[in-house]
Amino acid sequence: MNRQDAELVEDILKAINQISDYTKGQSYEAFLEDTKTQDAELRCEPGHRLERHPGEAARPA
């Protein structure tokens with residue numbers, strides 16, 4: 001893992017904590033109706049920028 005990937009992993013962990021805060025106490029049904037929270041979660045997903053290494057499976061687009 002290069003330095004840039006390590007920083008992205010830190011961003012991912014921060015995003016996970018934010019998502020947990022956004023959805024705390026919210027039911028799944030309420031989440032499905034809350035498009036603002038869904039959008040916020042999508043914007044917190046920096047994992048698509050991680051560098052792929054030989055032998056790793058590509059993630060679906």
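**A guided look, starting from Thr37**

Visitor: Let's start with Thr37: is it buried or exposed?
Guide: Keep in mind that this is a predicted model. The relative accessible area of Thr37 comes to 11%. The cut-off for burial is under 20%, so Thr37 counts as buried.

Visitor: Which helix holds Thr37?
Guide: Going along the sequence, the chain reads α-α-α, with 3 helices and 0 strands. Residues 35-43 make up one of these helices, and Thr37 has its place there, in H3.

Visitor: Which side chain makes a polar contact with the side chain of Thr37?
Guide: Thr37 is buried, but its side chain still has a polar partner. The two side chains come to 2.5 Å, and the partner is Asp34.

Visitor: Which residues does Thr37 touch, if we skip those up to four places away in sequence?
Guide: With those neighbours set aside, Thr37 still has company. One of its contacts, Thr23, belongs to helix H1. The full list reads Tyr22, Thr23, Gln26 and Phe31.

Visitor: How many Å apart are Thr23 and Thr37, C-alpha to C-alpha?
Guide: Along the sequence, 14 residues separate the pair. Even so, Thr37 touches Thr23. In space, their C-alpha atoms are apart by 7.6 Å.

Visitor: What does Thr23 count as, going by its accessibility?
Guide: Thr23 has a relative accessibility of 23%. That value falls between the cut-offs of 20% and 50%, so Thr23 is classed as partly exposed.

Visitor: Which residue's backbone oxygen does the side chain of Thr23 reach?
Guide: Setting aside neighbours within four places in sequence, Thr23 is in contact with Phe31, Thr37 and Glu41. Its side chain also reaches a backbone oxygen, at 2.9 Å. That oxygen belongs to Ile19.

Visitor: How far apart are the end C-alpha atoms of H1, and what should its residues span?
Guide: H1 runs over residues 3-23, which makes 21 residues. At 1.5 Å a residue, the helix should span 30 Å. The model agrees, because its end C-alpha atoms lie apart by 30 Å.

Visitor: Which residues of H1 are buried, and on how many degrees of arc?
Guide: The buried ones in H1 are Asp5, Leu8 and Ala15. They sit on the same side of H1, because the arc they cover around the axis is only 65°.

Visitor: Which residues are exposed on the other side of H1?
Guide: An α-helix has 3.6 residues a turn, so residues three or four places apart point the same way. The side of H1 opposite the buried residues carries exposed ones. These are Arg3, Glu10, Lys14, Asn17 and Asp21.

Visitor: Which residue meets Asp21 in a salt bridge?
Guide: The count comes to 1 salt bridge. Asp21 is exposed, and its partner is exposed too. The distance from N to O is 3.8 Å, and the partner is Lys24.

Visitor: What is phi near at Gly25?
Guide: Gly25 follows H1. Its phi is positive, near 80°.

Visitor: What share of the chain's residues count as buried?
Guide: The chain exposes about 5,200 Å², with 53% of it supplied by carbon and sulfur atoms. Thr37 is among the buried residues. Of the 61 residues in the chain, the buried share is 15%.

Key: Residues are numbered from 1 along each chain as its sequence is written. This is a predicted model: local features need pLDDT of at least 70, side-chain atom pairs count only at pLDDT 80 or more; totals for chains, interfaces and linings use all residues. Side-chain values use heavy atoms; hydrogens and water are left out. Helices (H or I, at least four residues) and strands (E, at least two) are DSSP runs, numbered from the N terminus. The expected span of a helix is 1.5 Å times one less than its number of residues. Buried means under 20% relative accessible area, exposed over 50%, partly exposed in between (1.4 Å probe, protein chains only). The arc is that of the directions from the helix axis to the C-beta atoms. A salt bridge is a side-chain nitrogen of Lys or Arg within 4 Å of a carboxyl oxygen of Asp or Glu. Accessible areas come from the Shrake-Rupley method with a 1.4 Å probe; for residues, only the protein chains shown count as cover. A polar contact is a pair of N or O atoms within 3.5 Å; within protein, one must be able to donate a hydrogen and the other to accept it, and residues adjacent in sequence count only if both atoms are side-chain atoms. Contact means heavy atoms within 4.5 Å.
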